Amino acid sequence: MRLATWNVNSIRSRIDRVTTWLDRQDIDVLAIQETKCRDDQFPFERFDEIGYEVAHVGVNQWNGVAIASRVGLADVELAFPNQPGFDRDAGESLISTPVVESRAIGATCGGVRVWSLYVPNGRALQDPHYAYKLEWLATLRENGVRWLTENPEAKIALMGDWNIAPTDDDVWSVEYFTDRTHTSPHEREAFHAVVDSGYADVMRPFAPGPGVYTYWDYTQLRFARKEGMRIDFILASPALAAEVTDAAVDREERKGKGASDHAPVIADFR
């Protein structure tokens, strides 16, 4: 089975690239992030034309996650249990309600429990979104531990844009990211807590750093200057990680007109 994850930064803007890429790379299951559309705006028919079922949850203009599969799509969950919400009105209203954003969707595809995850950005170290990010990751880890406790042999793939560069090798400049999000100690601890609970980063053994990135900002010629970050991951449960045969970043998809600012991550399993 060939699994992949890709933050497409608007599925409607990049549907031609995505469907062509799926065929060219022979992908069985794709986890998609930042679809930036409502369910009624999602181009389901384009995936259906090439043999993929899709589960999606999203709202207009931001966030949005999906799973596209040609090996079955069952038991869809539109969020993981107790997924934290973000209170956009905190401090501005006497009555406010945290909103569970469109950041996680799970489905069983060909015997693998796949999660497409778009971890909150964090924005800045003192921003409320940073605390939200850490809470979100802690709750994800709690669920991940529970899933493996309930079934140690479960094949689970936690795939997506984690908005964390977990080591210094995963950023183009350690100095540039000093006192910024994505590389702070608390974020890195939260990422490693998921790994330490049993979910392996399947790509690193096949693509050791430094210099292996999945994201390059559109500004300041970051891609041309090779100034990127590795923030997109496939984390696999022990039973699934034992079956990985290869993994890589498809850096070529960051090139050309209309590219996303992220490149897809691909992993093969026997």
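This passage walks through two helices, a buried loop residue, the salt bridges and the aromatic pairs of a predicted model.

A good place to start is helix α3, which covers residues 128–150. The helix has 23 residues and reaches 33 Å from its first C-alpha to its last, close to the 33 Å expected at 1.5 Å a residue. At its start, a side-chain oxygen of Asp127 comes to within 2.7 Å of the backbone nitrogen of His129. Many side chains of α3 are hidden from solvent: the buried residues include the aromatic residues Tyr130, Tyr132, Trp136 and Trp147, and among the others are Lys133, Asn143 and Gly144. The cover over the buried residues of α3 includes strands β6, β7 and β8 together with helices α4 and α5.

Helix α4 can be read in a similar way. Its twelve residues, 185–196, should span 16 Å at 1.5 Å a residue, and the C-alpha atoms at its ends are indeed 16 Å apart, so expectation and model agree. Glu187, Arg188, Ala190, Phe191 and Val194 of α4 are buried. Viewed down the helix axis, these buried residues fall within an arc of 160°, so they line one face of α4. The general geometry is helpful here: an α-helix has 3.6 residues a turn, so residues three or four places apart point the same way. On the face of α4 turned away from the buried side sit the exposed residues Pro185, Glu189 and Asp196. Elements covering the buried residues of α4 include α3, β8 (156–161) and β10 (232–236). After α4 comes Gly198, whose phi is positive, near 130°.

Asn63 offers a closer look at a loop, namely the one between β3 (53–57) and β4 (65–69). With a relative accessible area of 5%, Asn63 is under the 20% cut-off and therefore counts as buried. Its side chain makes a polar contact of 3.3 Å with the side chain of Arg103. Leaving aside residues up to four places away in sequence, Asn63 touches Glu34, Thr35 and Lys36, as well as Glu101, Ser102, Arg103 and Tyr118.

Turning to charged side chains, the count of salt bridges comes to 21. One of them joins Asp40 and Arg38, whose closest N and O atoms are 2.8 Å apart. Asp40 is exposed, at 59% relative accessibility, whereas Arg38 is partly exposed, with a relative accessible area of 34%.

Glu243 and Lys155 form another salt bridge, with 2.9 Å between the closest N and O atoms. Glu243 lies in the loop between α5 (238–241) and β11 (244–249), and Lys155 in the loop between α3 and β8, so the pair ties together parts that are 88 residues apart in sequence. Glu243 counts as buried at 18% relative accessibility, while Lys155 counts as partly exposed at 30%.

A further salt bridge pairs Arg230 with Asp201, the closest N and O atoms being 2.8 Å apart. Here too, distant parts of the chain are linked: Arg230 is in the loop between β9 (200–201) and β10, Asp201 is in strand β9, and 29 residues separate them. Both Arg230 and Asp201 are buried. These two residues also belong to a network of salt bridges that links them with Asp170 and Arg204.

Finally, the structure holds twelve aromatic pairs. Phe80 and Trp115 make an edge-to-face pair, 6.4 Å from centre to centre and with 70° between the planes. This pair also links distant parts of the chain, with Phe80 in the loop between β5 (74–77) and β6 (104–109) and Trp115 in strand β7 (residues 112–118), 35 residues apart. Phe80 is buried, with a relative accessible area of 2%, and Trp115 is buried as well, with 1%. Phe80 forms an edge-to-face pair with Trp136 too, at 4.9 Å centre to centre and 75° between the planes. In this case the pair connects the loop between β5 and β6 to helix α3, across 56 residues. Like Phe80, Trp136 is buried. Phe80, Trp115, Trp136 and Trp147 form one aromatic cluster, which brings the account back to α3, where Trp136 and Trp147 are among the buried residues.

Conventions. Residues numbered from 1 in each chain as written. Predicted model: local features only at pLDDT ≥ 70, side-chain atom pairs only at ≥ 80, totals over all residues. Heavy atoms only, no water. Helix = DSSP H or I, 4+ residues; strand = E, 2+ residues; numbered from the N terminus. Expected span 1.5 Å × (residues − 1). Buried < 20%, exposed > 50% of the residue type's maximum accessible area, 1.4 Å probe, protein only. Arc of directions from axis to C-beta. Contact = heavy atoms within 4.5 Å. Polar contact = N/O pair within 3.5 Å; in protein donor to acceptor, adjacent residues only side chain to side chain. Salt bridge = Lys/Arg side-chain N within 4 Å of Asp/Glu carboxyl O. Phe/Tyr/Trp six-rings, centres within 6.5 Å; stacked < 30°, edge-to-face > 60°.
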